[in-house]
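Hello,

Here is the structure I promised to pass on to you. Please have a look at it first, and then read my notes below.

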Amino acid sequence: MIEKIINGKNDIENLYCEIYENKSARLLFLFYFYHRKYKTDDIVDKIIELEDYHYLHFLIRIIDEKYYDKLLTSILNCNDAKTIYYVAFDTKKLNMKHLNLLLDKLIQLNDKKYLLLFINYFLFVRKYNDLDIKTKINSVLKSYNLNIITLKEEDISKIMVEYVDISSIEDANFSSNCYKDRKIIPDMIVCHICNNYEKAIKTFYDPHSEVSAHFVIARDGRVKQIVSLDDCAWANGTSVNDTSNAYYKFSTNDIIRNRKINANYYTFSIEHESFDGSLTDIQYKNSLEIIKKIIKYMKDKYNYDFIIDTDHLIGHNNVNPIVKPSCPGEYFPLVKMISDLKRTKI
Ligand SMILES: [Zn+2]
């Protein structure tokens with residue numbers, strides 16, 4: 001069925017009927033993803049009816065604004081702070097009315113982690129100046145003896161770290177979240193963003209999280225290596241199983257679509273602390289240094305000359321556009337990186 005959706009250029013009506021009968025929010029979402037605008041009203045109503053919040057969230061990211069009211073009303077019923085925050089984060093054209101509704105829900109759910117992420121995102125990334133939201137946020141900040149007038153981005157970051165116990169981070173050792181062998185010569189570097197440097201490191205060392213990256217780069221330039229370059233980090237895996245949202249054929253990169261093995265086996269991954277892909281000067285500089293280090297490693301270990309282009313230095317969204325369309329974000333300087341690297345002697 002997934003193959004039919006991806007390649008379904010003919011007999012779209014029959015394919016649509018088959019999927020509609022199937023009552024699967026996932027298939028309906030994927031159908032819309034690949035055949036935008038076809039029977040949009042029907043698809044929206046059906047996914048709402050199925051109450052599958054995961055795909056409601058996926059759908060609202062890619063759909064026309066006129067459906068936001070309908071979809072948000074449904075999503076707010078899920079009572080899950082993580083989903084509510086990610087709807088605010090991923091859905092770029094939400095207006096103040098919608099953001100107010102999402103904030104009200106987060107305050108009501110009182111899940112500090114996602115509430116603080118929302119506040120950070122709202123004030124420092126989108127730089128909104130809405131009185132209603134600021135009044136509500138100020139009442140939350142009072143519990144931290146902070147207020148918006150004097151608030152700095154670092155203040156929110158510091159409070160967020162309070163929710164992360166970093167004492168157990170093993171500084172000297174690499175994380176066990178990795179595959180010890182590479183199945184083929186690695187030839188791609190994948191860029192990512194993460195909300196918080198310390199939190200990302202903590203997560204990447206936690207064996208229960210089952211995720212990692214080779215490097216994390218903080219906004220102030222700090223760099224932490226989590227996984228050896230000899231090993232495969234668990235950052236952007238693809239699956240050969242078409243029931244997975246990380247199915248390799250969803251990739252927008254031809255090389256990945258043609259390789260049937262997990263993309264983690266042939267990639268290196270770099271996380272950047274950022275909400276929208278914009279990097280600080282020092283973060284950009286250090287990211288280039290890390291990329292150069294990886295390129296040199298490929299040459300030394302595999303005698304492989306890294307190809308500096310948009311097929312080999314890529315974003316997580318190229319590997320998995322379904323789950324991670326906003327990683328590394330719309331402002332990530334991939335094009336600038338490629339042109340700077342081409343001009344640099346490595
Ligand atoms: Zn990512």
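**What I found**

Buried residues make up 54% of the 346 in the chain. Please keep in mind that this is a predicted model.

Let me begin with the overall fold. The chain holds 16 helices and seven strands. Its radius of gyration is 21 Å, which agrees with the value near 20 Å that a compact globule of 346 residues would have. Along the principal axes, the C-alpha atoms fill a box of roughly 60 × 55 × 40 Å. Of the contacts with a separation of 6 or more, 70% are between residues 24 or more positions apart.

As for the surface, the accessible area is about 16,200 Å², and carbon and sulfur atoms account for 49% of that. The charges come out even in number, with 48 positive and 48 negative side chains. The centres of these two sets lie 3 Å apart.

Next, the zinc ion. Which protein atoms serve as its donors? They are ND1 of His192, ND1 of His316 and SG of Cys327, at 2.0 to 2.3 Å from the ion. Along the chain, the donors follow the spacing H-x123-H-x10-C. His316 belongs to helix H15 (residues 316-319), while Cys327 sits in the loop between H15 and helix H16 (334-343), so this pair ties together parts that are eleven residues apart in sequence. Both His316 and Cys327 are buried.

Cys327 deserves a second look for its backbone. The peptide bond that joins Cys327 to Pro328 is cis, with an omega of about 10°. Pro328 is also placed in the loop between H15 and H16.

After that loop comes H16, where Leu334, Met337, Ile338, Asp340 and Leu341 are buried. Among the elements that cover these buried residues are strands S2 (188-194), S6 (267-273) and S7 (313-315), together with helix H14 (281-302).

Now to another part of the chain, the loop between helix H3 (25-34) and H4, where Lys37 is found. Lys37 is not a glycine, yet its phi is positive, at about 80°. Lys39 is in the loop between H3 and H4 as well, and its phi is also positive, near 50°. You may want to view these two lysines and the cis bond against the usual background: most residues other than glycine have a negative phi, and most peptide bonds are trans.

Are these lysines buried or exposed? Lys37 counts as exposed because its relative accessibility is 58%, and the cut-off for exposed is over 50%. Lys39, at 31%, counts as partly exposed.

Thr40 is part of helix H4 (residues 40-50). With a relative accessibility of 8%, Thr40 counts as buried, because the cut-off for that is under 20%. Leaving aside residues up to four places away in sequence, Thr40 touches Tyr32, Ile63 and Tyr67. To relate Thr40 to the other region I described, take Ser339: the two residues are 299 apart along the chain, and their C-alpha atoms are separated by 40 Å.

If you open the model, I would be glad to hear what you make of the zinc ion with its donors His192, His316 and Cys327, and of the cis bond between Cys327 and Pro328.

Best wishes

Notes
Residues are numbered from 1 along each chain as its sequence is written. Side-chain values use heavy atoms; hydrogens and water are left out. Helices (H or I, at least four residues) and strands (E, at least two) are DSSP runs, numbered from the N terminus. The radius of gyration is taken over C-alpha atoms; the globule rule is 2.2 Å times the number of residues to the power 0.38. Buried means under 20% relative accessible area, exposed over 50%, partly exposed in between (1.4 Å probe, protein chains only). Contact means heavy atoms within 4.5 Å. Accessible areas come from the Shrake-Rupley method with a 1.4 Å probe; for residues, only the protein chains shown count as cover. Lys and Arg count as positive and Asp and Glu as negative; His and the chain ends are not counted. The place of a charge is taken as NZ of Lys, CZ of Arg, CG of Asp or CD of Glu. Donors are N, O and S atoms within 2.8 Å of the metal (3.2 Å for Na, K and Ca); water is not among the atoms, so sites may look incomplete.
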